[in-house]
Amino acid sequence: DVVNISKMISRENTQKSKLYYTFFCALFKLNANATTKLEILDALVWFIYNSNELKVQTMMFLAEFIADCQYDVVKIRILNLIGKECQLCAQPSKFIRHIVNLINLETPMVRASAISALAEIAYKDKTQRKTVGKYIMKCFNDSDSEVRERAFFYYKGLKELEEDNSKGEVNGGVARYLFGGKGKGGDVD
């Protein structure tokens, strides 16, 4: 209840965004069940979309928090957010290190989500495609079949995207399926 009330107040009183941001970050670090963590995460995500001042700070806080989080559902939600929204930050590559650590240490569900987040970053930041491709390739030997399949699928999509870009074509096939292609927010340069 405290989280929900604070969320409502913080959204109405944007002059005190920094204060509420600090409050939610402190709450997020405390021991709580997964449902409460997701509610607090929702409060923090609001700052990413509604506060130019706190966008990058919130994204970095969440990326750093993943390593200490005990709930897979929270980690997966953060990974999805980072993959989709890291382009809000000047250097999306800063998030790669945090994500790669999860690939080495986490459950299969989290590892699979980490691969998806890496692929999203590589799609949006073509300077990171080779680096991300190497990390994804390492997952070809993962002990879990879903992780291996996802790694192969995204690797193939990124390879296809790179080939299409070198030819000056708009992405098609696997890359279009994975990243949305033209007209869906995933336009290729």
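**Exercise 1.** State which ring the charged end of Lys37 sits over.

*Solution.* The charged end of Lys37 lies over the ring of Phe28, at 5.3 Å from the ring centre; such a contact requires NZ of Lys or CZ of Arg within 6 Å of the ring centre and within 35 degrees of the ring normal. The structure is a predicted model, in which local features need pLDDT of at least 70 and side-chain atom pairs count only at pLDDT 80 or more, whereas totals for chains, interfaces and linings use all residues. Residues are numbered from 1 along each chain as its sequence is written, and side-chain values use heavy atoms, with hydrogens and water left out.

**Exercise 2.** Classify the ring pair of Phe23 and Phe24, and give the burial class of each residue.

*Solution.* Rings of Phe, Tyr and Trp (its six-membered ring) pair if their centres lie within 6.5 Å, and planes under 30 degrees apart count as stacked, over 60 as edge-to-face and the rest as tilted. By this rule there are ten aromatic pairs. For Phe23 and Phe24 the centres are 5.5 Å apart and the planes stand at 55°, so the pair is tilted. Burial follows from relative accessible area (buried under 20%, exposed over 50%, partly exposed in between, with a 1.4 Å probe and protein chains only). Phe23, at 32%, is therefore partly exposed, while Phe24, at 0%, is buried.

**Exercise 3.** Classify the ring pair of Phe140 and Tyr155.

*Solution.* The ring centres of Phe140 and Tyr155 are 5.4 Å apart and the planes lie at 90°, so this pair is edge-to-face.
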